[in-house]
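Welcome! Here is a short tour of how a protein and its DNA meet. Take a look at the sequence and the structure first.

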Protein chains: 2
Amino acid sequence: MATRIQQKNTAAILEAALDVFSTHGFRGATVDQIARAAGLSKPNLLYYFPSKEAIHTALLDGLLEAWLDPLRALDEAGEPLDEVLGYVRRKLEMSRDFPRESRLFANEIIQGAPRIGPYLSGELKDLVDEKSRVIRHWIGDGKIAPVDPYHLFFSIWALTQHYADFDVQVHAVLGSKDIDPYPDAQAHLEAIFTRMLRP
Amino acid sequence: MATRIQQKNTAAILEAALDVFSTHGFRGATVDQIARAAGLSKPNLLYYFPSKEAIHTALLDGLLEAWLDPLRALDEAGEPLDEVLGYVRRKLEMSRDFPRESRLFANEIIQGAPRIGPYLSGELKDLVDEKSRVIRHWIGDGKIAPVDPYHLFFSIWALTQHYADFDVQVHAVLGSKDIDPYPDAQAHLEAIFTRMLRP
DNA sequence: GTCTATAAGGCGATAGAC
DNA sequence: GTCTATCGCCTTATAGAC
């Protein structure tokens, strides 16, 4: 049974760690940095988590738990094009609302997925295999244009996560620090996938 | 005037450093790791480069020098759709042939572009602004369908670089370690942009 | 040009008082 | 539960012999 203080501090640590790990990667982050951002001393932080690795694992576990939800919601019984567009919209909203989580994930993958390799070829692949059959079924019925389902999913991931992972570049190129690129991005992606999938 | 030994060792160091930096990021990489991969002792490596930072800077400078070439080649006088498809093809070939360079760049951007911020809002933005005017010109002439030029370029970058940066995930999801995903990727991307831009 | 040895400091983690 | 002090390791970089 966690006390109110424990809950508060644990939450503050995870919040601070998400900030630091997503920006600097696992090795680039320091426990001191996380502790200061959480308003705690270093030994006090290590009173709540046994090690730096443990904090990182806790973050990753929490993330992977929710990472596949948008894809799970893709419904075979729905209107095919709407279902894909809905998935794209949910993924783009995740980039907008949880960019640090996206960068935490991206850091892991780029560095060879040392901690989540089994997840990729297990849970993730299984779900993608399943939903690929749905896509192929829709294609067979003439509901959407022919497309390689796996590369379709790669495209959705790449296009939506780009706005979180490469956020700095997006803003640098658009030039205006204050403008929200997401409304235009949403319209752009909807147009892409509509043209791509309309029979 | 560099001797043959100097040229050989400098090249070996940069080659090894590209391997290590692109996989582990700047902080995650160690000089010892790079030295061993280059077949040199640590002090010997530091005889050729004054610091770890200097090696990284040399790599980044060399990369940025060539990074924009595929976009520079986009020719206003060419056939619009072919020009865009050619750019996509060149970028995808860069992902296939230089995945470590792509990951080196991705690591920098994800971590907030601490070293290349000026490049992004300088050289890169200027070139994108220029080529965006070309895209808009083509749209005005009815040569390609209306599209936001900036988000078009974001899409090209996201879709092509994904195959280098998220290589591990691509292979995990496709399931077969030995299969080359690039032929299918090329066909997929050509179909996307053809459908997207045909008037 | 290349090595062994080592300085100097940062970092993860622990000890022990309060 | 939280702190100060510190251990021990790892890492960057240098000294100095060959």
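A polar contact is a pair of N or O atoms within 3.5 Å. With that in mind, note that this is a predicted model, and then follow each DNA strand in turn.

**DNA strand C**
- Around DNA strand C there are 17 residues, and the closest are Val31(A), Lys52(A), Gln6(B), Ser41(B) and Tyr48(B).
- Of the strand C atoms that come within 4 Å of the protein, sugar and phosphate account for 65%.
- The side chain of Thr3(B) has an N or O atom 3.1 Å from a phosphate oxygen of DNA strand C.
- Gln6(B) places a polar side-chain atom 2.8 Å from a phosphate oxygen of this strand, and for Tyr48(B) the distance from a polar side-chain atom to a phosphate oxygen is 2.5 Å.
- Two or more residues each come from α3 (42-48) of chain A and from α1 (4-28) and α3 (42-48) of chain B.
- The largest share, four residues, belongs to α3(B).
- By type, the surface near DNA strand C has seven nonpolar, seven polar and three charged residues.

**DNA strand D**
- DNA strand D is surrounded by 18 residues, with Thr3(A), Gln6(A), Ser41(A), Tyr48(A) and Lys42(B) the closest.
- Sugar or phosphate supplies 61% of the strand D atoms within 4 Å of the protein, and bases supply the rest.
- Phosphate oxygens of DNA strand D lie 3.0 Å from a polar side-chain atom of Asn9(A) and 2.5 Å from one of Tyr48(A).
- In Val31(B), a polar backbone atom is 3.0 Å from a phosphate oxygen of DNA strand D.
- Eight nonpolar, seven polar and three charged residues make up the surface near DNA strand D.

Technical notes. Residues are numbered from 1 along each chain as its sequence is written. Chains are lettered from A and ligands numbered from 1 in the order in which they are written. This is a predicted model: local features need pLDDT of at least 70, side-chain atom pairs count only at pLDDT 80 or more; totals for chains, interfaces and linings use all residues. Side-chain values use heavy atoms; hydrogens and water are left out. A residue is near a molecule or strand if one of its heavy atoms lies within 4 Å of it. A polar contact is a pair of N or O atoms within 3.5 Å; within protein, one must be able to donate a hydrogen and the other to accept it, and residues adjacent in sequence count only if both atoms are side-chain atoms. Ala, Val, Leu, Ile, Met, Phe, Trp, Tyr, Cys and Pro count as nonpolar, Asp, Glu, Lys and Arg as charged, and the others, Gly among them, as polar.
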